[in-house]
Amino acid sequence: MHPPTIWTRLHLRHYVRSGWPWRAALYLLSSAVLGPITVLTLVLLAMAGSVLTVVVVGLPLLLVLVLTGVPLASVERRRLLLIDSEPLADPHREPDRTGLTAWLRTRLQERATWRELGYAVLFGFLLWPLEALVVGSVLLVCGGLLAAPVMLAVDGEEARVLKMWIVDSWPGALSAALAGLLLLPVFAYPLGAIAAGRAALTRFLLASPTGELNSKIKELGRSRVRLVDAFEAERRRIERDLHDGAQQRLVALSMTLGLARLDAPDGPLGSLLAKAQDEAATALVEIRELIRGIHPQVLTDRGLVAAVEDLADRSTIPVDVDLDLPVRPPEAIEAAVYFAVSEALANVAKHSGASRAVVRGGLDDGQLSVEVEDDGHGGADTGRGTGLQGVADRVSVLDGRLRVSSPPGGPTVFRLLVPCSTPDTTA
């Protein structure tokens, strides 16, 4: 179901009895207030920019003139809600950096800014006078007729109605007032139609062709990041539960079995206790590996570099690590890159036939780049079930990319590129 607008309500029987005619009148009448302010601003800025020195003062004034449409368009989007319940999305994008300079650069590069400037000129010099004329005519006609009895009472002898004819009796004055009252619902329909057309023109001029789509894409990106954060938080919770719960119980069980072995006599019971203790020790090793696979503690405590070095130490083939990260990336990026490197090193050990591998990378211009290279026989393919497709899907959630170069005969280069905004360490 579409949101209600004055155009959809204009065809209903109870339109006149609803509040929509008054909303249409208020929408058109508010232009008479906003229009002169717009005209005055445009004229003053244009005159000041042309009179004063361009290098010293005029250039900032011209920039302000260009940006005049931005606040006007913002007001128009809110004013449009009087007769159109569907919000008009803001087509402007957020600047990449903070500060006035970045904001100005972003706005001046957007087509929406120049479209809004054109709308401001059209609104200031053409639209609002027409709207004021329409509403003023309705108010003048209906108000003049309704005021006939009042004017006759004040004058005592006659009343000039709409400056067109003279009424000198109470029946005539009351008839004029009745005509004005009957004209109000008659005028409500053309007034609503004009307001609907004016709203359609505003939506056409101020709506960006891709504004709605960009807004949805941004919201999709934000919800995707929230899902990743929730997923990581759940992984961390499971890791804590296993570490503080199941692992501690297995340690206690292994110690209890060991004490029981000391007190048990030699024989079948002692052998069963020894076997049970060995099974408990094996389960403890496995659960520790599981905990490390969910979210290693070294990644939380010491960061990505230390976690990758720990992976290299546990690898079955020699791995050199050359990671230069002056600051820690965000947790979600650290986790994604860690598990990607873990998968890559696992593939190197299982499938590549390599004798050595190297992990290198660092931060460069807001992007984290990590490479895993081996001297194996090559032939790695993201579509052959090696887990690389899962890595690609995981980093794509963070707007990252996975690139794999693995010609027959090698070498295989597994490269991750992830946008990474980190605090400015030089500040």
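This tour visits two residues of one helix and then a second helix. The model is predicted.

**Stop one: E131.** Select helix α6, residues 111-146. E131 lies within that stretch. Is E131 buried or exposed? Its relative accessibility is 4%, so E131 counts as buried, the cut-off being under 20%. Now show what surrounds E131. Leaving out residues up to four places away in sequence, E131 touches Y27, L28, S31 and R198.

**Stop two: V134.** Stay on helix α6, where V134 is also found. V134 has 24% relative accessibility and therefore counts as partly exposed. Which residues does V134 contact, once neighbours within four places in sequence are set aside? Select L191 and I194. Next, pick the C-alpha atoms of V134 and P190. They are separated by 9.7 Å, while the two residues sit 56 residues apart along the chain.

**Stop three: helix α14.** Move to residues 388-396, which form helix α14. Colour its buried residues: L388, V391, A392 and V395. Why do they lie on the same side of α14? They cover an arc of only 100° around the axis, and that puts them on one and the same side. The general rule helps here. An α-helix has 3.6 residues a turn, so residues three or four places apart point the same way.

**Last look: what α14 packs against.** Keep those buried residues of α14 selected and add three elements. The first to show is α13, residues 331-352. Then add β6, residues 401-405, and β7, residues 412-419. The buried residues of α14 pack against each of these.

Technical notes:
Residues are numbered from 1 along each chain as its sequence is written. This is a predicted model: local features need pLDDT of at least 70, side-chain atom pairs count only at pLDDT 80 or more; totals for chains, interfaces and linings use all residues. Side-chain values use heavy atoms; hydrogens and water are left out. Helices (H or I, at least four residues) and strands (E, at least two) are DSSP runs, numbered from the N terminus. Buried means under 20% relative accessible area, exposed over 50%, partly exposed in between (1.4 Å probe, protein chains only). Contact means heavy atoms within 4.5 Å. The arc is that of the directions from the helix axis to the C-beta atoms.
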